[in-house]
Amino acid sequence: MLFTLKKFIGGLLLPLPLLLLIVAVGLIFICWTRWSRLGKICISLGWLGILLLSLQPVADRLLAPLENGYPTLNQTSNADYIVVLGGGYTFNPDWAPSSNLISNSLPRVTEGIRQLEMNPNAKIIFTGAAAIGNPVSSARVAANVAESLGVPADKIIVLDKPRDTQQEAKEVAKITDKQKILLVTSANHLARALRFFKAEGLNPIPVPANQLAISSPLNPWERWLPSSLYLGHSERAWYETLGSWWQAIITTKGEK
């Protein structure tokens with residue numbers, strides 16, 4: 001219940017729901033109160049916020065500092081385990097396996113498989129519980145994709161109980177026995193994930209995947225026309241910032 005409540009409140013605080021809520025409040029002020037001036041201000045702020053956060057220069061400037069902390073790993077590390085954290089997914093048996101990994105998950109899995117090719121003696125660990133109402137876990141879906149791409153089943157470990165990054169770190173610590181591990185997750189999520197793993201006495205090598213903030217050339221209209229793609233980049237920046245604040249709160253409570 002607490003996990004669901006945390007996700008729901010966190011979802012409401014993301015840019016699009018929050019700005020739409022501000023616009024809705026503005027409409028209420030205009031239509032049903034005498035505070036029409038305040039209502040116009042709310043609507044204008046909401047519209048301006050959505051516009052700015054949908055522009056590539058704004059969105060990626062917010063996201064880039066979260067992604068630039070760790071370089072792509074392109075050499076053999078002699079790792080014992082490659083840990084790939086769970087992310088967005090669904091499960092439709094009629095789809096191609098990779099189509100069931102949505103949002104950040106497919107780049108994480110493919111990077112994990114790339115690292116396995118450079119570390120052939122390692123095993124690959126997929127983490128992530130089942131979403132509410134879904135009979136198949138995030139970890140199992142990721143494992144299915146890996147097997148469909150040629151990874152032998154005996155090289156795969158599925159941890160399908162943890163529901164968030166903190167729980168993933170605890171479960172990984174139980175089976176890796178502080179051996180050498182690579183931690184694969186989205187570049188913007190990596191710093192927060194590393195803190196959870198280090199709190200469990202692990203010292204993983206960071207492996208960023210799913211980099212989103214673009215610094216290479218783009219067409220002018222791609223930079224300056226509002227796009228849902230870049231609104232999503234702003235959302236990732238804000239989501240990770242909220243997550244870091246929450247992590248700091250629970251860490252402080254744990255130290256008391």
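**Exercise 1. Cysteines**

Find out how far the sulfur of Cys31 is from the closest cysteine sulfur in this predicted model, and decide what that says about a bond.

*Solution.* Start at Cys31: the closest cysteine sulfur belongs to Cys42, and the gap is 13 Å. Now recall the cut-off, which asks for two cysteine sulfur atoms within 2.5 Å. The pair is therefore too far apart for a bond. Turn the search around and begin at Cys42: its closest cysteine sulfur is that of Cys31, again at 13 Å and too far for a bond. A search of the whole structure agrees, with 0 disulfides found. As a last step, look at the surroundings of Cys42: its relative accessible area is 13%, so Cys42 is buried.

**Exercise 2. A loop residue**

Place Ala129 in the chain, then work out which residues it touches beyond its sequence neighbours.

*Solution.* First, the location: Ala129 sits in the loop that runs between strand E2 (123-127) and helix H6 (138-148). Second, the exposure: the relative accessibility is 14%, and because the limit for buried is under 20%, Ala129 counts as buried. Third, the contacts: with neighbours within four places in sequence set aside, Ala129 meets Tyr89, Ser137, Ser138, Asp160, Lys161, Pro162 and Arg163. Take Lys161 from that list. Lys161 is 32 residues away from Ala129 in sequence, yet their C-alpha atoms are 4.8 Å apart.

**Exercise 3. A cavity and a pocket**

Describe the lining of the largest cavity, then do likewise for the second largest pocket.

*Solution.* Begin with the count: there is 1 cavity of 30 Å³ or more. The largest cavity has a volume of about 50 Å³. Its lining is made of 13 residues, and those nearest the centre are Leu85, Gly86, Gly87, Val109 and Ala142. Next, sort the lining by element: helix H5 (105-118), E2 and H6 each give at least two residues. Then sort it by chemistry, which yields 7 nonpolar, 5 polar and 1 charged.

Move on to the second largest pocket, with a volume of about 170 Å³. Among its lining residues are Asp60, Ala64, Glu67, Tyr70, Pro208 and Ser215. Helix H4 (residues 56-67) contributes the most, with 3 residues. By chemistry, this pocket's lining splits into 6 nonpolar, 4 polar and 2 charged.

**Exercise 4. Two helices**

Is Ser234 buried or exposed, and which residues of helix H8 are buried?

*Solution.* Ser234 belongs to helix H10 (residues 228-255). With a relative accessible area of 2%, Ser234 is buried. Leaving out neighbours within four places in sequence, the contacts of Ser234 are Pro15, Leu53, Ala59 and Leu62.

For helix H8 (residues 190-199), the buried set is Leu190, Arg192, Ala193, Leu194, Phe196 and Phe197. While reading this set, keep one rule in mind: an α-helix has 3.6 residues a turn, so residues three or four places apart point the same way. After H8 comes Gly201, with a positive phi near 85 degrees.

**Exercise 5. Domains**

Give the bounds of the domains, then say how many residues each brings to the contact.

*Solution.* The assignment splits the chain into domain 1 (1-67 + 226-255) and domain 2 (73-209). Their centres, taken over C-alpha atoms, are 28 Å apart. In the contact, 13 residues come from domain 1 and 11 residues from domain 2. To tie this to Exercise 4, note that helix H10 (residues 228-255) holds Ser234, and that domain 1 includes the segment 226-255.

Notes: Residues numbered from 1 in each chain as written. Predicted model: local features only at pLDDT ≥ 70, side-chain atom pairs only at ≥ 80, totals over all residues. Heavy atoms only, no water. Helix = DSSP H or I, 4+ residues; strand = E, 2+ residues; numbered from the N terminus. Buried < 20%, exposed > 50% of the residue type's maximum accessible area, 1.4 Å probe, protein only. Contact = heavy atoms within 4.5 Å. 1 Å grid on protein atoms, 1.4 Å probe; cavity = no way out; pocket = protein on both sides within 12 Å on 5 of 7 lines; lining within 4 Å. Points joined across faces, edges and corners; volume = space filled by probe spheres on them. Nonpolar A, V, L, I, M, F, W, Y, C, P; charged D, E, K, R; others polar. Domains from an automatic or database assignment.
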